[in-house]
Amino acid sequence: MSRLAEAPFFVGRADMVAAVEEALLSAGAVGAVLVGDAGVGKTAVMQQALASRAADLLVVRIRGSKGSYHQAFRPVNFLLSELETDVIDHPVTVLRAVSELLNFQARGRRVVLAVDNIEYLDPSSASLITQLVLNGTASVLLTSQDFTAADPMFASLWRDGSLKRFDLSPFTAAEARAFLEAELEGRVSVECVHLLLRMSGGNARFLQASVRALRGRRVVEQDGTWVLLPGGTPVPTEVTEVATAVLDGLPAGQRDVAHLLALAGRLPIPDLHRIAGSADVDALQSAGFVVVRHGKQEYVELTNPVLGAGAVESLSAPRSQELYARLADDPELIDDLDPERHARWLLRCHRSVSADLGLAAAQSARTDGRYCDAVDFTEIQDAHRSSAAVAAERVRALTDAGRFEDAANALSLAAPLMEQAAPADAVRMLLADAALHTFLGLQGVENPVRDAEHRVEASTSLPPEETAALRAEILLARGELASLDGDYALSRDLMLALRTEAYPLDVDRKISSDALLCEAWAMLESQLDALQLADDLADRLQHGGVSHRTREIAYLRLVTVYSASGSWASGSQRLGLDIEDGEVAHRGSSVQLALGLVLARYGQPEDALALLKPAFDQLRVGDPNRLLPVAAGAIAFCHTMTRNIQDAIPFLVHAEPAPGVPWMVRRLTAQLQLSSLGLREAKSEAAQQLQVLGQRDRERGASLFELSAFTSSVRLGNTGALAELSDVAARVQGPFARLSEMFAKGVAHRDAEVLLQAMELAAAAGDQNFGRDAARSALSAAQAMGNKSTVREVQQRARQVLVNETAGGPMSQLESLTARESEIAQLAAGGYANREIADIMCVSVRTIEGHLYQIYSKLHVSSRLQLAELLPTPLQ
C-alpha cells in the first residue's frame, strides 16, 4: 500500500492545510471551499484538515454527482431517512429536523459538512447545506472543480467573506519532491522529480500513476535514494483512461480538434480553422480545453499537455493516419510541425521517417536534455548507419548522457561514414572524439582536433560563413578541453580570440564561450571581470534558447565562480537558486552537487548531505561531467564535520579520481580530503599538505585555488603559510580575497579585533565555517593577551554573529554549555592549566575541576586532547 494512503499526514501543502483548519474553526468563519482540477489534491487537503481535529468534530460527508443533479435531496438522503415522512414535505421542517439531528449526534462537538463536488449538488441539497451554515448548526468544507457552476448560495457565502476560498494549483517541484519522498519512502533524485513532474503535470493523482508506471523499471532504489535509469517514458494507463473518458464526452468535431492538437502539439489558428472549423475550436476554447498562444503567429494548443499525451496513446494507427491526412495537403504546415511530434506521428501511422526529420527530432530532444529520446530518434530505420550527420548526433547524445563507452562504440561504428561526410558533420564527429578521449582518459586528445582543423582548411568550397562557424566551433572545443585540463590561461586566450575575431556564435555557443571566459578570469587574477560577466550570464540564462547541456555546464561554472570568490549570496539570487520552490529540480544532480559543495564549505553539513547524497546516487547511474569523486569527497567531509567517521569511510573509495576526471574535480576532491583529515586527528599534517597544494596551484597559475588552499592551511593553524597567503590575497580580487587578507593580518599580529571583523565578514557572506575559525582564532589571540575582559568580549560577539550554527558542529555543541562552562572549555582547549583558569576566573581549582567534569560529559570527551579537537588550539 502507498504510504500516502495510510499515513496520518499530508505532504507538500502544510501551509494550506493549516489555513483551512483556521477557516473551519475560527470565530466568524463558516468554512472553506477548495477549488481545483480533478486529481490536484483537494480531497487529500480536506481529509488532512479534518483529521487534525477529528476528536473535536462531527464530520458529515456528502458527495455530489452528475447522476443525482436532478434528484432532490439525493446526496443528503442518508440524513433524511431518519426523519418522519411528513417532516420532509416542507423545507423549513426539514431544516429544523436535520439541525436537531446533527446537534444530537454531535454531543457538543462542532459539526462540519464535508462536501465533494458541490457543482453537482441539486438545488434542494445545496439550499439545505447553506441554511445549516447560516443557522449556525454546521461549518462546511467544500470541494469543486468549477466554482462558477456551483449553486449561487455558495458564492454568496464566499462574497460576504465568511467562506474562505483556496485555489489548488498543480504541485510545484518542491511539493512534488515531498509527495514522492512520502510515496516512495526515501530520498528522490532531482532527475526523478523532474521526469515524474513532467509526466503528471503536477497532478497528484497522475503523479502516483506515474510512479506506478516507472517504479522498478526506470525509477529504482539505490542505497536509499530513488534514481532514474536511462530509457523511454511511458504514458501511465490512468492518464490514458482519463484522457479517453474526457475526449469521448466531446462532440465529434471537437474531439477531432483535440486529437489533432494532441498529435501536433500546436497548430496555427488559421490552419486549424481551415482544417476543423472555427466553431469547434471556439467551443473548446470556451470550455477551457485549448488555449491560444500569442506571438509572431497565433497558435492553439491543449491546455493540459498530460491529457494530450494520454489522448495520443489511445489513438490507433488508422485514426492517426486519418488525422495526418488532413494536414498532408499543406506541405508548409507539415514542415512547421515540431520535429519530435512529427516523427512520432509518422511512426504511429506506420509510415517511414526521413533521416533529416529523425536528425531534427534528435537535435530537439538533445537540446531539451532528453538524451535517451535523442538516441532513439537517431536509430529510426538505422539512419545512424547511413548518415554521418545522424551518426554524429548520436555520438553527441550518448556523450552528453555520460555514456562514454557507448559513445566510443557509436563513433567506431560511424568511422566508415567519415570519408564521404560533409565538413560540418566530420568536424563535429572529430570534436566528439576529442571529448571522449578526455573523459575516457585516453592519450592523443590533440589529434582529432587537428584533423578537424585540417578538414576545415582543406574544404575550399565551403561558404565563408560556414567556414567561420566551424572555426569558432573548434576554438570553443579547444577552450573546453583546456578548461578540463585546468589550463585556464589557454582557455582565456582562446575565448578572447573568439571575441576579437568576432566569429559568428549562436545563443548557445555564446553562453558556452562566455562561461569558459568567466571561469578562466575567476581562476586567474581577474575576479572582478569574472563577477561582472557572471552577472550578465546569470541574467541571460533565465531566458530560453539555451540547450540543457550548455545551461547545466554554465550553471556549474557560475556556482564555482560565485562561491569561490565569496559572492555566493548575490550570485545564488542571480541564478535563481535561492528559491525554496526548487529551481534545482530543473537543473539536475550536477548542479545540486555544486550547491551541496557550497553548503559544505560554509559549514552546513546536514543541509549539504540532503543535496549531496541523492546527487551522488544519481551520478553513479550517469556522470556526464565526471563529478563523482568530488561528490564522494564532499559527503565524507560532511560526515567528518558531524563526527560520523564510520559513515564517511564507504565514500573514500569513490573519492579517488580515475583517469579522465577533470582537473578541477581532482583539485576540489584533494582539498576536501585534506580538510577531512584536518577535522580528524592530523591538523598539522593536513595544514602542511594544504600549503603544498597551494604552491602547486601557484605554479599552474590557478590563483583562486591557491588562495583557498593557503587560507585553509592557516585556518588549521599553519602560520608558516601566512606569507604566501598574504601575497596571494593581495593579488586576487573579490570578497573572499579581502576576507582571507583580513584573517591573515589578524593571525599574523594576534589581533583579536581584526579577527572578529573577519568573523563578521565571513558570517555576513554565509560562511559559518570560516566565521567559526576566525572566532576561535580571535579567542586564542585574546587568551594569549591574558585579558579576561577581552576574552569575554570575543565570546559575546561570536555568539551574537554566529547564530546559524550547524547541528553537531563544534560551536553548536558548545550551546549545551552554560556561559561559565563555555568560557572554561575555551581556556582549557587553549592550553591553560586548571590553576591558571582558576586564577583568571577568581575561583578555586576544585570548582574548575567540577566544571570540566560537566563539560566533558556534555561534549562526550574524556580528555583535554579530545576537547582541543573540538575547539581551536592556541597560536604558537
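Which residue forms a salt bridge with Asp-514, and how far apart are the closest N and O atoms? In this predicted model, the partner of Asp-514 is Lys-510, and the closest N and O atoms of the two are 3.4 Å apart. Both residues belong to helix 27, which runs over residues 507-523, and they stand four residues apart, about one turn of the helix. Their surroundings are not alike in the accessibility values, since Asp-514 counts as buried at 2% relative accessibility, whereas Lys-510 counts as partly exposed at 29%.

Side chains of opposite charge can pair when their charged atoms come close. A search of the whole structure finds 54 salt bridges, and a second example within a helix is offered by Glu-181 and Arg-177, whose side chains meet with a distance of 3.8 Å from N to O. These two residues lie in helix 8 (residues 173-184), again four residues apart, about one turn of the helix. Here Glu-181 is partly exposed, with a relative accessible area of 28%, and Arg-177 is partly exposed as well, with a relative accessible area of 21%. Salt bridges can also be joined into a network, as they are for Glu-340, Arg-344, Asp-368, Arg-370 and Asp-373.

A further salt bridge leads into the sheet, where Arg-293 pairs with Glu-301, the closest N and O atoms being 2.9 Å apart. Arg-293 counts as partly exposed at 42% relative accessibility, and Glu-301 counts as partly exposed at 21%. The sheet itself is open and is formed by three strands in the order 9-11-10, with antiparallel pairing. Strand 9 (267-268) and strand 10 (290-293) stand at the edges, and because each has a single partner strand, one side of each is left without a neighbour in the sheet. Strand 10 is joined by four bridges to strand 11, residues 299-302, and the two run antiparallel; one of the residues in strand 10, Val-290, has Leu-302 of strand 11 as its bridge partner. Five residues lie between strand 10 and strand 11, and the two strands form a hairpin.

In a regular strand the side chains alternate between the two faces of the sheet. Strand 10 shows such an alternation, with Val-290 and Val-292 pointing to one face, where they are buried, while Val-291 and Arg-293 point to the other face and are not buried.

Helix 36 also has a buried side and an exposed one. This helix covers residues 683-700, has 18 residues, and reaches 26 Å from its first C-alpha to its last, close to the 26 Å expected at 1.5 Å a residue. Its buried residues are Ala-686, Ala-687, Leu-690, Gln-691, Leu-693, Gly-694 and Asp-697. They cover an arc of only 160° around the axis, and therefore they are on the same side of helix 36. The face turned away from that buried side carries the exposed residues Ser-684, Arg-696 and Glu-699. Among the elements that cover the buried residues of helix 36 are helix 35 (663-680), helix 37 (703-715) and helix 38 (722-731). After helix 36 comes Gly-701, whose phi is positive, near 90°.

Aromatic side chains supply another kind of contact, and the structure holds nine aromatic pairs. One of them is formed by Phe-171 and Phe-179, a tilted pair with 5.1 Å centre to centre and 50° between the planes. Phe-171 is buried, with a relative accessible area of 6%, and Phe-179 is buried, with a relative accessible area of 5%. The ring centres of Phe-616 and Phe-651 are 5.2 Å apart and their planes stand at 70°, so this pair is edge-to-face. Because Phe-616 lies in helix 32 (residues 605-619) and Phe-651 in helix 34 (residues 645-652), the pair ties together parts that are 35 residues apart in sequence. Both Phe-616 and Phe-651 are buried. Elsewhere, ring pairs link Tyr-488, Trp-663 and Phe-705 into a cluster.

Finally, a loop residue deserves a look: Leu-802 lies between helix 42 (788-801) and helix 43 (810-814). Leu-802 is buried, with a relative accessible area of 4%, and its C-alpha is 8.3 Å in space from that of Glu-760, although the two residues are 42 residues apart in sequence.

Conventions. Residues are numbered from 1 along each chain as its sequence is written. This is a predicted model: local features need pLDDT of at least 70, side-chain atom pairs count only at pLDDT 80 or more; totals for chains, interfaces and linings use all residues. Side-chain values use heavy atoms; hydrogens and water are left out. Two strands pair if DSSP finds at least two bridges between them. Buried means under 20% relative accessible area, exposed over 50%, partly exposed in between (1.4 Å probe, protein chains only). The expected span of a helix is 1.5 Å times one less than its number of residues. The arc is that of the directions from the helix axis to the C-beta atoms. Contact means heavy atoms within 4.5 Å. A salt bridge is a side-chain nitrogen of Lys or Arg within 4 Å of a carboxyl oxygen of Asp or Glu. Rings of Phe, Tyr and Trp (its six-membered ring) pair if their centres lie within 6.5 Å; planes under 30 degrees apart count as stacked, over 60 as edge-to-face and the rest as tilted.
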